[in-house]
Amino acid sequence: MFLTEKARDHLLDICNNEKQRYIHLSVAGGGCAGFSYKWAFTEKYLDMDEVIDIDKDKKLVIDGMSLLHLLGMEIDYHKDIFGSVLNINNPNVTSSCGCGESFSIL
């Protein structure tokens, strides 16, 4: 799992603005293609979770139950005049819905 410098900076800004230490990413069933990404703040993480340093005390917590769906992913941040987005490049995705909010995995 890889977090680009732009994504790291953006997540750090979110943590600082919201006064949070941990951002949690998981995969949940739902959406028209079968799965969707879920972002949330959390107060702690479990031993089975993957923890990626954003800085020395801010962390991205990858849900342990979602790890198989997220292996090899890259998170990047893009900003342009139309808005901004955290883009997840997930090599496990086999297809996604037209709106881009959900995906399927074999």
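**How we know what we say about this fold**

Modeller: The accessible surface of the protein comes to about 6700 Å² (Shrake-Rupley method, 1.4 Å probe, only the protein chains shown counting as cover for residues), and 51% of that surface belongs to carbon and sulfur atoms. Mind that this is a predicted model, where local features need pLDDT of at least 70, side-chain atom pairs count only at pLDDT 80 or more, and totals for chains, interfaces and linings use all residues. Residues are numbered from 1 along each chain as its sequence is written, and side-chain values use heavy atoms, with hydrogens and water left out.

Biologist: What makes a residue count as buried here, and what share of the 106 residues does?

Modeller: Buried means under 20% relative accessible area, exposed over 50%, partly exposed in between (1.4 Å probe, protein chains only). By that rule, 36% of the 106 residues are buried.

Biologist: How do you know whether the radius of gyration agrees with a compact globule?

Modeller: The radius is taken over C-alpha atoms, and the globule rule is 2.2 Å times the number of residues to the power 0.38. For 106 residues a compact globule would come out near 13 Å; the protein has 14 Å, so the two agree.

Biologist: Why do β6 and β7 count as paired?

Modeller: Two strands (DSSP runs of E, at least two residues) pair if DSSP finds at least two bridges between them. Strand β6 (residues 74-80) and β7 have 7 bridges, in the antiparallel sense, so they count as paired. One of the bridges joins Asp76 to Asn87 in β7.

Biologist: And what makes β1 (2-3) and β7 (83-89) edge strands?

Modeller: In the open sheet β1-β6-β7, which is mixed, each of those two pairs on one side only.

Definitions and conventions. Helices (H or I, at least four residues) and strands (E, at least two) are DSSP runs, numbered from the N terminus.
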